[in-house]
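User: I would like a close look at a single part of this chain, with the reasoning spelled out. Here is the entry I have in mind.

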Amino acid sequence: RLQAQSPHYVWLGLVGLDGTVVAGTQGWLEGRSIAGRPVFLQSRTATWLGDVHPAVALAPLLQASGRPVQELIDIGEPVRDAEGNVTGVMAAHLGVDWIDRLRDRTSGETGSRPVPSIGVHVVSGPTSRNVLPGERVPEGLPATLPAQGALRALDGQRYFAASHDLKIGTEVSPLPWRVLVLQEHGAAMRPATVLTNTL
């Protein structure tokens, strides 16, 4: 029912204490062990969010079912009995496309119009790898992103940039993600250049 209501859930499964999948949507992975996967290892004591990763065990199942094979985000939650003892893990894989749709929906609600020369990206980890599907973050950006300032990419292109830790409400997200806004230097300076030439 949850998967039907929110198709962004690619897979949900109940996992026993030994790491064996007891039940899964579509019957996928049932009887298989995911004991070595972070979604099981990290979720036995508290809610856990994993970073974006390629589909592995689910890739052939998605392909066979006709669903697009995409990168996934893991969510895990310990399952407890009435006495509070952990009896297993509830694991879920979300398709990364939900982030893109959420961003588009949020932009629509604010009524803001995107400026063509400005790129809004969500990047992950020390390599500033893009998270959202279809994005093209310029190659060769510094591993440490400044809060704001000028950056030079690998191809020599200059950008004005601003970045900030992704937050959920008022709390910093447990995921190592940052929001990065880039504008090509020439495009940013064009209004000033036009004004100067006019004067």
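Where is Leu29 found? Please describe that part carefully, and then set out the open sheet as well.

Analyst: The model is a predicted one, and in it Leu29 is found in the loop that lies between strand 2 and helix 2. Strand 2 spans 21–24 and helix 2 spans 38–41, and Gln26 also has its place in the loop between them. Phi of Leu29 is near 70°, which is a positive value in a residue other than glycine, and for Gln26, likewise not a glycine, phi is positive too, near 60°. As for accessibility, Leu29 has a relative accessible area of 8% and is therefore buried, the cut-off being under 20%, whereas Gln26, at 46% relative accessibility, counts as partly exposed because this value falls between 20% and 50%.

Turning to the open sheet, five strands follow the order 7-6-12-9-8, with antiparallel pairing. Strand 7 (129–130) and strand 8 (148–152) stand at the edges, and each has a single partner strand, so one side of each is left without a neighbour in the sheet. Within this order, strand 9 (residues 158–165) pairs with strand 12 (residues 177–184) in the antiparallel sense over seven bridges, and Ala161 stands opposite Leu182 in strand 12. Helix 5, made up of residues 185–198, lies across strand 9 and strand 12, and it runs at about 55° to strand 12.

Terms used. Residues numbered from 1 in each chain as written. Predicted model: local features only at pLDDT ≥ 70, side-chain atom pairs only at ≥ 80, totals over all residues. Heavy atoms only, no water. Helix = DSSP H or I, 4+ residues; strand = E, 2+ residues; numbered from the N terminus. Buried < 20%, exposed > 50% of the residue type's maximum accessible area, 1.4 Å probe, protein only. Pairing = 2+ DSSP bridges. Contact = heavy atoms within 4.5 Å. Axes fitted to C-alpha atoms, helices over the stretch in contact; angles between N-to-C directions.
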